[in-house]
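I opened this entry to go through the strands, the ligand shell and the core. My notes follow in the order I looked things up.

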Amino acid sequence: MAVAVDHLNGFPFARTPRCRLQSFTHLDTAMFELEQYKLAQSLKHSITGNSSHRRSVSTPCLSFNTSGEESGNSVPKVEIVGGNGAPRVRALVVEAAIAVASGVEPVPVSSGLGGAYFLRGRNGDTIAVAKPIDEEPLAINNPKGFAGRILGQPGLKRSIRVGETGVREVAAYLLDHGSFAGVPPTALVKISQVPFHVNDSETTEPPLSKIASLQRFVEHDSDAGDLGPSSFSVSHIHRIGILDVRLLNLDRHSGNILVKYHKNSNYNDNYAVEEAELVPIDHGLCLPEMLDDPYFEWLHWPQASVPFSEAELKYISKLDPFKDASLLRKELPSLRESAIRVLVLCTIFLKRAASAGLCLADIGHMMTREFTGNQEGPNVLETLSAKAMASMNCSMFDNDPSEKENGEEETEIFKFETGSEDGTASVVDLPRLLQGCPGMGKPPKVPTKFSSSKSMSGFPQESLSLLDESDDETSNGDKKKNFSDFIDDNSSINNDDNGDDDHRIGGLIKSVSFSMPNHKLETDGISFKGMNQEEWSLFLVCFEKLLPKVFDDRKSMGLKQRLGTSCSF
Ligand SMILES: Nc1ncnc2c1ncn2[C@@H]1O[C@H](COP(=O)(O)OP(=O)(O)OP(=O)(O)O)[C@@H](O)[C@H]1O
């Protein structure tokens with residue numbers, strides 16, 4: 001059996017009318033070809049690297065229906081398309097490639113809302129979990145009855161698009177430096193000639209390949225939902241919590257924490273102590289495109305109120321949000337800049353809060369929205385961001401008195417209408433939003449102007465309106481390409497080449513911009529995508545200035561509320 005490993009560095013991608021292609025200028029694609037007919041004849045399990053077998057890809061479009069040379073090639077294969085620079089992923093992909101080439105079919109996983117498959121080796125051991133992006137919840141080929149939207153539309157969470165959870169799984173692994181939280185090795189791969197699920201297969205040609213996240217399978221005994229938190233160590237919970245805060249994880253429910261038991265070395269014959277290792281999985285709903293409401297299961301666990309240890313504080317202090325941002329841009333060019341900015345903001349928030357002496361529970365609470373009555377209020381992080389945006393505008397106007405005069409319509413600007421499909425309008429009251437944050441005081445008078453609301457039609461879900469696809473840019477100001485940009489439209493996946501939002505996303509855009517164009521403060525989340533680099537830097541300065549007061553307030557409030565820190569676990 002031969003394994004040909006092929007590196008495609010800097011491959012210049014063409015642009016075709018049918019298919020938007022991604023310029024993977026720095027994509028280092030490792031291609032693992034395993035030819036099945038050779039398998040039968042092979043000299044048992046010898047694996048040889050063959051760099052001379054360079055493969056030219058004429059249509060490197062990451063589509064579900066491949067064409068050209070690939071359609072004539074029925075060899076199951078796995079190739080890395082994102083996260084190649086991460087440790088331990090090549091070994092994972094080699095194993096998965098050998099498994100699929102040897103003809104072992106993926107086994108569907110019954111739990112979860114999305115399509116997930118166990119890939120097994122020929123000895124029956126599970127190697128990896130593959131989650132095709134077109135089988136995510138709400139995606140076109142979802143096998144569990146939650147299909148219906150096309151790639152690029154808002155998904156289960158409005159701030160994360162259908163088809164873009166896989167890239168986030170990989171981002172979580174890349175950002176888990178030194179395996180601090182223990183995210184299993186994860187890569188974004190293209191898997192070809194493997195029978196995954198397809199809806200409506202009678203009318204549509206089954207795809208020859210799919211893009212999927214591929215994660216190392218972790219042997220485990222249960223998940224955290226089956227157990228009470230008392231058996232979990234403070235350190236394991238803190239490490240997962242630190243990751244969740246950096247990534248603004250919207251989905252850290254207990255089922256997404258696997259539990260493995262190890263015999264503790266201190267046990268004696270009468271009483272074997274088992275230590276539970278926690279393994280975080282399922283990071284598809286991290287790094288939203290705008291500030292959103294995270295879900296942190298550990299917030300309800302007493303360990304989260306224990307102060308960070310020295311080692312944890314050291315790890316946090318060494319986190320560099322800008323380096324992390326560069327890493328993501330390099331390894332995962334399809335991840336949108338707006339999501340990367342959320343990472344930067346949350347990391348700064350974590351670092352400053354930890355160094356101010358706040359514990360994980362304090363930080364998690366400040367990032368979580370609260371319900372009062374039946375109304376959801378903004379969390380402290382959102383309120384702070386809104387205030388930083390406002391003060392940023394003020395400081396820009398300070399330099400330009402003429403603008404200041406023109407913008408005196410204040411207060412009203414905090415009330416903007418949001419239309420709904422039935423024609424009713426709701427009003428979002430930003431002064432109230434700004435007052436919701438301890439230490440914020442009165443909202444500033446901020447001159448702003450409204451952005452025009454776009455009326456769209458076509459989809460019933462009002463949530464479809466919340467992502468504006470128009471202007472996602474890289475830090476250089478270049479238009480950024482995303483998965484939905486380069487999906488071949490043969491695959492029935494949205495391929496918006498004409499830039500016309502209206503035929504693609506239904507509902508009503510609900511956003512208001514501040515005085516600078518594209519600073520969107522959306523009713524369901526604050527987005528940073530419209531800021532240019534200079535504005536973003538200014539925003540961060542304004543944001544950081546607001547932190548000490550808020551942290552002081554939280555500390556005095558937390559003293560009353562928190563559990564005693566003398567609890568032992
Ligand atoms: N790395 C892994 N190791 C072992 N088992 C895994 C791993 N990843 C996922 N699983 C198993 O597969 C199941 C489904 O995976 P996952 O939760 O990631 O899918 P999902 O469709 O995104 O789920 P959800 O609807 O909860 O968001 C998990 O409940 C778990 O049992």
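I began with strand S3 (residues 77–82), which pairs with S7 in the antiparallel sense over five bridges. This is a predicted model, and I read what follows with that in mind. For Glu-79 I looked up the bridge partner in S7 and found Lys-190.

Next I checked what else S7 is joined to. Seven bridges connect S7 to strand S8 (residues 209–216), and the two run antiparallel. Ser-192 has Ser-209 in S8 as its bridge partner.

I then asked how many of the residues of S7 are buried. Seven of the seven residues in S7 (residues 186–192) are buried, so the strand is largely enclosed by the rest of the structure. I sorted these residues by direction: Thr-186, Leu-188, Lys-190 and Ser-192 point one way, Ala-187, Val-189 and Ile-191 point the other way, and all are buried.

Two residues of S7 turned up again when I went to the largest nonpolar core. That core has 112 residues, and those touching the most other members are Val-93, Ala-96, Ala-171, Ala-187 and Val-189. Helix H7 (residues 337–355) supplies the largest share of this core, 10 residues.

I turned to the ligand. Which residues come nearest to it? Of the 18 residues around the ligand, I noted Gly-112, Leu-113, Gly-114, Val-218 and Asp-282 as the nearest. By type, the shell divides into nine nonpolar, seven polar and two charged residues. I also asked where the ligand lies with respect to the domains. Domain 1 (4–216) and domain 2 (222–368) both contribute residues to the shell, so the ligand lies between them.

After that I looked at a sheet of three strands. The sheet is open, has the order S9-S10-S11 and pairs antiparallel. Strand S9 (222–223) and strand S11 (274–280) are at the edges with a single partner strand each, so one side of each has no neighbour in the sheet. I followed S9 to its partner: two bridges join S9 to strand S10 (residues 257–263). Asp-223 has Leu-258 in S10 as its bridge partner.

Last, I wrote down the totals. The protein has 12 helices and 18 strands. Of its 569 residues, 47% count as buried. Among contacts between residues at least 6 apart in sequence, 74% join residues at least 24 apart.

Note on methods:
Residues are numbered from 1 along each chain as its sequence is written. This is a predicted model: local features need pLDDT of at least 70, side-chain atom pairs count only at pLDDT 80 or more; totals for chains, interfaces and linings use all residues. A residue is buried if 20 or more other C-beta atoms lie within 10 Å of its own, exposed if 12 or fewer, and partly exposed in between; C-beta atoms are placed from the backbone. Helices (H or I, at least four residues) and strands (E, at least two) are DSSP runs, numbered from the N terminus. Two strands pair if DSSP finds at least two bridges between them. A residue is near a molecule or strand if its C-beta atom, placed from the backbone, lies within 6 Å of it. Ala, Val, Leu, Ile, Met, Phe, Trp, Tyr, Cys and Pro count as nonpolar, Asp, Glu, Lys and Arg as charged, and the others, Gly among them, as polar. Domain bounds come from an automatic or database domain assignment. A nonpolar core is a set of buried Ala, Val, Leu, Ile, Met, Phe, Trp, Tyr and Cys residues joined through C-beta atoms within 7 Å. Two residues are in contact if their C-beta atoms, placed from the backbone, lie within 7 Å.
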